Amino acid sequence: MTPASRDTDHRDADRRGVPPLVEPVAGLSAEERSLYSRHLLLDAVGDEGQRRLRAASILVVGAGGLGAPILMYLAAAGVGRITVVDDDDVDTGNLHRQVIHSVGTVGRPKVESARDRLAELAPGVEVEALRIRLDPLNMTGVLDGHHLVLDGSDNFATRYLVSDACEIAGIPLIWGTIDRFRAQLAVFWSRPPAPAEAVTLRDLYPAPPPAGSVPSCAEAGVVGALCGTVGSMMAMEAVKLITGSGRSLLGRLVLMDLLESTHRTVTVRPDPSRSPVTALPEGAGDDSCEVPAAAGEQAPTVTAAALASELDRSGATGGAAAPVLVDVRGAGERSIASIEPSVWVPLDTLADDAADPTGVLGRAAATGPLVVYCKSGVRSARAASTLLGSGFDGVRSLEGGIEAWTRDVDPSLPGY
């Protein structure tokens, strides 16, 4: 065998898919053959592949931006059983991207809204709706009985919890993440059939980033069409694994930017120095996998109600200097809602401004004590610690951010 032919054989082996993940049911009904006739025409799916889809049991984490297209396309494909997990309710700010929901379902639990929509779309599919927050205590029980998992969650704690649980159980995980116009997509599997290499999320990203260091979709924004693109690709990966067709993304990471219309794939290899995950962390709570923020001086906080009282007293008596609010959010967030009066210093420019005695922060601190706010209080706590470390006195962070202010002080402000 020549070196060239050995290379060709290696590439051909790399392109082969893994064996089908699910054994097929015995047969399809006449109604199912009508529903899935376009699948039956495809050599890569066909009668046997459709029967495998019918036998499959899938866990979908999240009924939001990614979960919406995942759930709709898996149900429409004829997957026999789907469990959807989410603890959130439908909000008007969800509808531009979470297309499984509608205006009429605002305020309802997302899992119930999704279950009802899937019943209309694919009445033969069994859908179990779990309105819970996954944690180390319930994760293993929720995972039990499923052939694979699709993770459409929106926080690092859940992503690593789900990945670790799948690694322990040896269940394949289809993983996707979105940010503004960009996305990443991969398939992880700790015990794939030979000759495939075992690759997990921790081989790609060994640990989650520090809490608050990466903005969420609610803070940074996301284009709705990106969710449809990535969610559909994740559903397709599930179809390939279940039926054994095509080449899965196991061992590869897709990087895409819809604004620039770019799409590339990179190889992901197992990290030989990494210790396998053998147990989930003890205790409960969705912060079990978070990496703490960098150590530093912890800024004191003030509640929304207490801050409102301070502002009212200073305005009525003209005594103590009124607190000066500093908004460290992005421009898009500020355009939706803000607490006024306040000065605006985006978090990424805060350190530079703090070093300039003539900057916005220096002038603001000369008129009253600074209270920093963001959406939920995470970024403002970091900002306040930075200011204290830069020599500013009496800086506090608004506990719960503008969300708490809207809830407890001014409900007229729009949420996002």
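P195 sits in the loop between β6 and α9 (201-204). The peptide bond leading into this proline, from A194 to P195, is cis, with omega near 10°. Keep in mind as you explore that this is a predicted model. A second cis bond runs from E340 to P341, with omega near 0°, and P341 lies in the loop between α13 (331-336) and β11.

Why do these spots deserve a look? Because most residues other than glycine have a negative phi, and most peptide bonds are trans. R180 is another such spot: it has a positive phi of about 60° although it is not a glycine. You will find R180 in the loop between β5 and β6.

Here are the three backbone features side by side.

| Feature | Value | Place |
|---|---|---|
| A194 to P195, cis | omega near 10° | P195: loop between β6 and α9 |
| E340 to P341, cis | omega near 0° | P341: loop between α13 and β11 |
| R180, positive phi | about 60° | loop between β5 and β6 |

**The eight-stranded sheet**

Strands of a sheet pair through backbone hydrogen bonds, either parallel or antiparallel. The two strands around R180's loop belong to an open sheet of eight strands, in the order β3-β2-β1-β4-β5-β6-β7-β8, with mixed pairing. Its edges are β3 (126-130) and β8 (262-267), each of which pairs on one side only. On average, and ignoring direction, neighbouring strands here are turned by 15° against each other.

Let's zoom in on one pair. Strand β5 (residues 173-179) and strand β6 (residues 182-188) are antiparallel and share seven bridges. D179, for example, has R182 in β6 as its bridge partner. Helix α11 (residues 224-243) packs on this sheet and touches β1 (57-61), β4 (148-151), β5, β6, β7 (252-257) and β8. The direction of α11 makes about 170° with that of β5. Helix α6 (residues 110-121) lies across β2 (81-85) and β3, running at about 170° to β3.

**A salt bridge between two loops**

Side chains of opposite charge can pair when their charged atoms come close. How many salt bridges does a search of the whole structure find? The count is 26. One to look up joins D89 and R131, whose closest N and O atoms are 2.5 Å apart. D89 belongs to the loop between β2 and α6, and R131 to the loop between β3 and α7 (139-143), so this pair ties together parts that are 42 residues apart in sequence.

**The five-stranded sheet**

Further along the chain, five strands form an open sheet in the order β9-β13-β12-β10-β11, and the pairing is parallel. Here β9 (301-302) and β11 (342-344) are the edge strands, each pairing on one side only. Strand β12 (residues 370-373) runs parallel to strand β13 (residues 396-398), and two bridges join them. V371 stands opposite R396 in β13. Helix α16 (residues 378-389) packs on the sheet by touching β12 and β13, and its direction makes about 145° with that of β12.

**A cavity inside**

Rolling a probe the size of a water molecule over the atoms shows where empty space is left. This structure holds one cavity of 30 Å³ or more, and the largest cavity contains about 40 Å³ of space. Which residues line the largest cavity? They are S163, C166, E167, I171, L173, F188, W189, S190 and T200. Five of the lining residues are nonpolar, three are polar and one is charged. Helix α8 (residues 156-169) gives the most to this lining, with three residues.

Definitions and conventions: Residues are numbered from 1 along each chain as its sequence is written. This is a predicted model: local features need pLDDT of at least 70, side-chain atom pairs count only at pLDDT 80 or more; totals for chains, interfaces and linings use all residues. Side-chain values use heavy atoms; hydrogens and water are left out. On a 1 Å grid over the protein atoms alone, a cavity is a set of points where a 1.4 Å probe fits but cannot get out, and a pocket is an open set with protein on both sides within 12 Å along at least five of seven lines; lining residues have an atom within 4 Å of a point. Grid points are joined across faces, edges and corners, and a volume is the space filled by probe spheres set on the points. Helices (H or I, at least four residues) and strands (E, at least two) are DSSP runs, numbered from the N terminus. Ala, Val, Leu, Ile, Met, Phe, Trp, Tyr, Cys and Pro count as nonpolar, Asp, Glu, Lys and Arg as charged, and the others, Gly among them, as polar. Two strands pair if DSSP finds at least two bridges between them. Axes are lines fitted to C-alpha atoms, for helices over the stretch in contact, and angles run from 0 to 180 degrees between N-to-C directions. Contact means heavy atoms within 4.5 Å. A salt bridge is a side-chain nitrogen of Lys or Arg within 4 Å of a carboxyl oxygen of Asp or Glu.
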